[in-house]
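Here is a short report on a protein chain, written for a reader who is meeting such a structure early in their studies. Please look through the sequence and the model before reading on.

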Amino acid sequence: MRDAVDRVRDAGRSSRRRLRTYFLVAVQAGLAATLAWTVARELLGNPDPTFAPAAAVSVIAASLGNRTRRTVELVVGVVLGIVVGDLLVRLFGTGPWQTGVIVFLAVSAAVLVRGTGALVTQAGGTAVLVATLTPVSPDLELPRTVNALVGGVVGLLVVLVIAPLNPLRAVRRVADPALDTFASQMTASAEALAHADVRAADEVLARMRAAETELDRIDEMVGAADEVVRFSPVRWRRRRALAAYRRGAEHLDRAFRNSRGMVRRIGTALRDREPVPPELPAALEHFSEAIRLLHRAFLAADEPVAARERVLRAVRAAGEACRQDIGFSGTIVVSQLRTVANDLLRATGVPPDEARRQVRRAAAAR
């Protein structure tokens, strides 16, 4: 019963975090739809502006960090569908088989120009409209193209100028819980190892598996924030601070996944009742503190010197443990710990060859 309550509570917290993270996206979508409809109907005199707000929302709802590309694909897809559709209607006329052929060729053309989902979808959808509505709406092409342009431009204007997200705040909202989870699970795994608690180690592994989506959202949000600081004049000053997150996100994700394998091996070592030198849980505790220090350095846009030193302290402690009475799985834990150390050093900005050299030197130190 208590586990069920905890799961419900965790799900509620996760939902609230997601709502805070994506609330601005909902605001941007509503604002973009309103502006696109107004521009298409009131300023350009389009009697049927439906596609303009639809296109604007499509841009807003695109995968975060890909909105500029999505706008280009949307407009190109519409134009491609119109060109192919109009040409083939002139050649074959309209009807059921003609519609199938027109859509097939429009989608094929979109694939040939290396279009992704948005471009292919718009090319095919527009070709359908051209093929089926040309007899009753012969002047469909221009309004559809104008609406696509209006929706795309308005969508970009909203996300980059009128209501751009605060890049650092958005990244912090997803990075804070993710990195806190990473650090706390390293502390929990150190405690499980120190107390030879197999069940606690298994629970840590389960929590790390469940937290994987939090790490995935960091990459997504860093991509969105990166797009904003590159294209939004009001956010250009955030480039330097965001660069640390962008540089470290990939390596932090790898460190988390490698740490999960390490925790799995910790459980094996405990089940086999292998000896556990005190330096090994101490090394894991150093890791958890290194993650916290790295996070603070990211927030302050400082050089993560303290985090690097704490990572190397973890490697030295693990090396000392390896020179004592330790079992087969314990040796693997030490090896995996060194791999995670390399990932964390890379996340702090250390070049790959230098990271490997520092890990080797720290492992050999006495």
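Two residues are said to be in contact when heavy atoms of theirs lie within 4.5 Å. In this predicted model, among contacts between residues at least 6 apart in sequence, 76% join residues at least 24 apart.

**Overall build**

The protein chain has 14 helices and zero strands, and from the N terminus on its elements therefore read as α repeated, α-α-α-α-α-α-α-α-α-α-α-α-α-α, under the rule that helices and strands are numbered from that end. Of its 366 residues, 49% count as buried, while the accessible surface comes to about 17,600 Å², with 58% of that area belonging to carbon and sulfur atoms.

**Two nonpolar cores**

Which residues touch the most other members of the largest nonpolar core? They are Val 171, Ile 218, Phe 287 and Leu 344, in a core that holds 70 residues. The elements that give two or more residues to this core are helices H7 (167-194), H8 (198-210), H9 (212-231), H10 (239-271), H11 (279-300), H12 (305-322), H13 (328-347) and H14 (352-364). Helix H7 gives the most, with 14 residues. Val 171 can serve as an example: when its neighbours within four places in sequence are left aside, Val 171 is in contact with Met 221, Val 222, Ala 225, Leu 242 and Tyr 245. A second, separate core has 15 residues, among them Ala 29, Ala 40, Ala 52 and Ala 163.

Ala 52 also appears in the list of buried residues of helix H2, together with Phe 51, Pro 53, Ala 55, Ala 56, Ser 58, Val 59 and Ile 60. Helix H2, which spans residues 51-60, is mostly covered, since eight of its ten residues are buried.

**A nonpolar patch on the surface**

Nonpolar side chains also occur on the surface of the model, where Leu 87, Leu 91, Phe 92, Trp 97, Phe 104 and Leu 105 make a nonpolar patch of about 650 Å². Helix H3 (67-92) and helix H4 (96-112) are the elements that give two or more residues to the nonpolar patch. Is Phe 104, one of the patch residues, buried or exposed? Phe 104 has its place in helix H4, and it counts as exposed because its relative accessible area is 54%, where the cut-off for exposed is over 50%.

**Regions listed in the record**

For "transmembrane region", an unreviewed UniProt entry lists residues 21-40, 74-93, 100-125 and 145-165. In the model, residues 145-165 form a span that is 86% helix and 0% strand, and the end C-alpha atoms of this span lie 29 Å apart.

**Two loop residues with positive phi**

Ala 196 has a phi near 50°, a positive value in a residue other than glycine, and Arg 273, likewise not a glycine, has a positive phi of about 55°. Ala 196 is found in the loop between H7 and H8, whereas Arg 273 lies in the loop between H10 and H11. The table gives the relative accessibility of each residue.

| Residue | Relative accessibility | Class |
|---|---|---|
| Ala 196 | 53% | exposed |
| Arg 273 | 77% | exposed |

Both residues thus count as exposed, because the relative accessibility is 53% for Ala 196 and 77% for Arg 273.

Note on methods: Residues are numbered from 1 along each chain as its sequence is written. This is a predicted model: local features need pLDDT of at least 70, side-chain atom pairs count only at pLDDT 80 or more; totals for chains, interfaces and linings use all residues. Side-chain values use heavy atoms; hydrogens and water are left out. Helices (H or I, at least four residues) and strands (E, at least two) are DSSP runs, numbered from the N terminus. Buried means under 20% relative accessible area, exposed over 50%, partly exposed in between (1.4 Å probe, protein chains only). Accessible areas come from the Shrake-Rupley method with a 1.4 Å probe; for residues, only the protein chains shown count as cover. A nonpolar core is a set of buried Ala, Val, Leu, Ile, Met, Phe, Trp, Tyr and Cys residues joined through side-chain atoms within 4.5 Å. Patches are made of residues with over 30% relative accessible area and no salt bridge: like charges are joined within 9 Å, nonpolar side chains (Val, Leu, Ile, Met, Phe, Trp, Tyr) within 5 Å. A salt bridge is a side-chain nitrogen of Lys or Arg within 4 Å of a carboxyl oxygen of Asp or Glu. UniProt positions are given in the numbering used here, feature names are shortened, and annotations may be inferred rather than shown by experiment.
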